[in-house]
Amino acid sequence: LETALNSNPMIAEAQVFITIDGTLTAEVKQKKPIARVSADASYYVDEQGTYMPLSTNFTARVPLVTGDVKKNELKNVCELAKKIQSDEFLKTHVVQVHQNENKTFDLKLRQHDFTVHLGTLNQLEKKINNLKVFYQKGLKDKTLDNYSMLNLRFDNQVVCTKKVNNGN
């Protein structure tokens, strides 16, 4: 029974045992999705960075991951998804993560249509702090909707690209 339960892709760990009074007991720990991949195939990534199939009974509210994502190369996606899950600002604002062919990442935020180019995951904490500071200042100044891209890959700065205003 334990082997059968552990072979289920939705189960992280299962233990089956008989108690002293003869009761058959199964303790099951379910996998927890932290990102949903929509690339060649659609599936979740769990906390261990492994594949987890979509469920017909449940939809997790997690960031959508698009782009060049392979089932056997989920380490960076998992690391970024864990960071998003553990940070209230990111959890509230990030709705999509795009992995580019060169293994860099772009983020889409819930309320604004600019792209946040994160680059690689090197110095991730510093990049996220730069984003938060810029976002708070932009929110206060009401300038966030003036940009098409925020680039965080440079050290100690946020480089912005303004939207092209086609005479509107």
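Start with helix 2: select residues 75-86. At 1.5 Å a residue, these 12 residues should span 16 Å. The end C-alpha atoms of helix 2 are 17 Å apart, so the model agrees with the expectation. Keep in mind that this model is predicted.

Stay on helix 2 and colour its buried residues. They are Val-77, Cys-78, Leu-80, Ala-81, Lys-83, Ile-84 and Gln-85.

Now pick out Cys-78 in this group. Its relative accessible area is 6%, under the 20% cut-off, so Cys-78 counts as buried. Then jump to Cys-160. Is Cys-160 buried or partly exposed? Cys-160 is partly exposed, with a relative accessible area of 28%. Do not look for a disulfide here: the structure holds 0 of them.

**The cavity**

Next, go inside. The count comes to 1 cavity of 30 Å³ or more. The largest cavity has a volume of about 40 Å³. Which residues line the largest cavity? Select Ala-35, Pro-63, Val-65, Val-77, Leu-80, Ala-81, Ile-84, Val-97 and Phe-105. Helix 2 gives the most to this lining, with 4 residues. By class, the lining has 9 nonpolar residues, no polar ones and no charged ones.

**The pocket**

Move on to the largest pocket. About 180 Å³ of space lies in it. Select its lining: Arg-61, Val-62, Pro-63, Gln-85, Lys-91, Val-94, Val-95 and Arg-110. This lining divides into 4 nonpolar, 1 polar and 3 charged residues.

Pause on Pro-63. It lines the largest cavity, and it also lines the largest pocket. Gln-85 is another stop on the pocket lining; it is also one of the buried residues of helix 2.

**Aromatic pairs**

How many aromatic pairs are there? The count comes to 3. Show the rings of Tyr-43 and Tyr-51. Their centres are 5.3 Å apart and their planes meet at 50 degrees, so this pair is tilted. Tyr-43 is buried, at 2% relative accessible area. Its partner Tyr-51 is partly exposed, at 33%.

Then show Phe-89 and Tyr-135. Here the pair is edge-to-face, with 5.2 Å from centre to centre and 75 degrees between the planes. Phe-89 sits in helix 3 (residues 88-93) and Tyr-135 in helix 4 (residues 124-141), so the pair ties together parts 46 residues apart in sequence. Check the surroundings of each ring. Phe-89 is buried, with a relative accessible area of 13%. Tyr-135 is buried too, with a relative accessible area of 2%.

**Two loops beside helix 4**

Finish with two backbone angles. Most residues other than glycine have a negative phi. The next two stops have a positive one.

Select Gln-123. It lies in the loop between strand 9 (115-119) and helix 4. Phi of Gln-123 is near 55 degrees, a positive value in a residue other than glycine. How accessible is Gln-123? It is partly exposed, with a relative accessible area of 49%.

Last, select Lys-142. It lies in the loop between helix 4 and strand 10 (147-151). Lys-142 is not a glycine, yet its phi is positive, at about 55 degrees. With 73% relative accessibility, Lys-142 passes the 50% cut-off and so counts as exposed.

Definitions and conventions: Residues are numbered from 1 along each chain as its sequence is written. This is a predicted model: local features need pLDDT of at least 70, side-chain atom pairs count only at pLDDT 80 or more; totals for chains, interfaces and linings use all residues. Side-chain values use heavy atoms; hydrogens and water are left out. Helices (H or I, at least four residues) and strands (E, at least two) are DSSP runs, numbered from the N terminus. The expected span of a helix is 1.5 Å times one less than its number of residues. Buried means under 20% relative accessible area, exposed over 50%, partly exposed in between (1.4 Å probe, protein chains only). A disulfide is a pair of cysteine sulfur atoms within 2.5 Å. On a 1 Å grid over the protein atoms alone, a cavity is a set of points where a 1.4 Å probe fits but cannot get out, and a pocket is an open set with protein on both sides within 12 Å along at least five of seven lines; lining residues have an atom within 4 Å of a point. Grid points are joined across faces, edges and corners, and a volume is the space filled by probe spheres set on the points. Ala, Val, Leu, Ile, Met, Phe, Trp, Tyr, Cys and Pro count as nonpolar, Asp, Glu, Lys and Arg as charged, and the others, Gly among them, as polar. Rings of Phe, Tyr and Trp (its six-membered ring) pair if their centres lie within 6.5 Å; planes under 30 degrees apart count as stacked, over 60 as edge-to-face and the rest as tilted.
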